[in-house]
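I opened a new model today. My notes on burial, cores and domains follow.

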Amino acid sequence: MARLQHFGWFFARGFGPQGWGHPYWEWNYDWRTPKLYQQAVRELEQAGLDLVIPEDAISLGTDETLDLRIRSAYGGPKHDPLMLVPYLLDATEKIGFAPTVNAGATPPYLAARQFATLQHLSGGRAGINLVTDVKSARHFGLDELSHDAAYDRAEEWIDVARKLWHSWDGGAHVADRATNRFADASKLDRFSHEGEYFRVDGPLNAVPFGPEGDPVIVSPGGSGPGLAFAGRNSDVQLALARLTVEDVVAYRRKIHDAAIAQGRSAQDIKVLFVFKPEIVSSREEADRIVAASQTPSDEVIRAILEGQSSDLETDLTVLDLDKPVDPAIFGQHVSRGTIKGLLGKHESFEEATLRQLAVAKARKGRITDGSGFVGTADEIADFVEALGDDADNDGFIFSGDLHPVTIHRTLDELVPILRRRGVLRTEFGDGGLRGNLTDF
Ligand SMILES: Cc1cc2nc3c(=O)[nH]c(=O)nc-3n(C[C@H](O)[C@H](O)[C@H](O)COP(=O)(O)O)c2cc1C
């Protein structure tokens, strides 16, 4: 019997020119206004997805990759997703939103107040995708922390935010009409936090959403400190891994061990794997697409290197295609998961030239033999169902822009099949985003 799984949407590349470089740009939506995104998230809610995670990068990046990022609107410009979220909440009723917040850029007091407010405005549908990227530090006059120090700062950030969210827990919100007293200051937690990265006084100037009302915490980091952070703090781990039973089981075990080491339980955290299927209408079409991708043109290789360069904050387009990449060119802030993604099946960069890595990335494969993600909706559903059954998988996060065309392409046929098989919810409860994640 198939098990119900959780599904979400990673709003990859964020609040920027949706559809640029694709034919569907000609649908003539204006990416700077809310209608496009509102239409998209209504469809995602109708499809039964638990949450949307808008990606964000505050910075346009370094001089080295600046043009690569904006030339094709690949990594910028990006508008602030936090400003968009209230419009998305207004267009929906059940689906949650966990916009990206950088623990180095938004002070914990400010974020705690913003998200306490959003929780009330949305009936508990807010979350935070807490990230540790340090490349925007220069825009704030801050030093770039090391990778691990950025995680230490994120740990302190979340501790402070939680203290603020609970600074009214002592019964300070009285709202007693008989005595005409709204709140009682003596019951507020007027703490003073002095840590390594933050000095913050409580209490929070916002009424928390309730004792169980903390926004859902999402984390995407896959390194040792990233997994430890998730184990200690997260409700959702946005997991990037090879989607084999073996890898999914191993990743889940690492997260669960990290949670248990922190006195939490494996059930406290949903591990949702990033998944980007390419759904086609027949097996023949799938085979044709896969065959055509085996010998990519120079133009395709170039486009792949541009995209990878933007993601990896490292200009690969200037390197010799016929030599292996020296891994020292990647700064320590670069996501280990993204580097692993470039390596593909290889264990180290010595094993292949840059051209071979790019060709491997360009090659598509069939979902049926585990060589890729091209398949019919039935085949994709088989794959999803099997990972639930064989790897005890909690679910998936689809990844793509928030253009209605992308959403329909991904979900039109898949949703009814997953529902018929009992893998995708048919209705929501009333528990906000936290409820969505714990309905089953
Ligand atoms: C799936 C995924 C999504 C991410 N989303 C963002 C994001 O929206 N904004 C950002 O600044 N960093 C993002 N990151 C980067 C992480 O926050 C982190 O800085 C990076 O993964 C390095 O940490 P790690 O070595 O623990 O993976 C993302 C990483 C992954 C794997």
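I started with Val325, which is buried because 21 other C-beta atoms lie within 10 Å. My cut-offs: buried means 20 or more other C-beta atoms within 10 Å of a residue's own, exposed means 12 or fewer, partly exposed is in between, and C-beta atoms are placed from the backbone.

This is a predicted model, so I note the filters: local features need pLDDT of at least 70, side-chain atom pairs count only at pLDDT 80 or more, and totals for chains, interfaces and linings use all residues. Residues are numbered from 1 along each chain as its sequence is written.

I placed Val325 in the loop between helix H9 (298–312) and helix H10 (336–343); helices are DSSP runs of H or I, at least four residues, numbered from the N terminus. Leaving out residues up to four places away in sequence, Val325 touches Leu319, Phe349 and Leu354. Contact means C-beta atoms, placed from the backbone, within 7 Å.

Next I looked up the largest nonpolar core (buried Ala, Val, Leu, Ile, Met, Phe, Trp, Tyr and Cys joined through C-beta atoms within 7 Å). It has 94 residues; Leu44, Val52, Ile53, Leu238, Phe273 and Ile397 touch the most other members. Apart from this core lies another of nine residues, including Val325 and Phe349.

Then I checked the domains, whose bounds come from an automatic or database assignment. Domain 1 covers 6–282 + 375–438, and domain 2 covers 294–362. Their centres, over C-alpha atoms, are 27 Å apart. I found 17 residues of domain 1 in contact with 11 of domain 2. Helix H2 (residues 63–71) gives the most to the domain 1 side, with four residues.

Technical notes:
Two residues are in contact if their C-beta atoms, placed from the backbone, lie within 7 Å. Helices (H or I, at least four residues) and strands (E, at least two) are DSSP runs, numbered from the N terminus.
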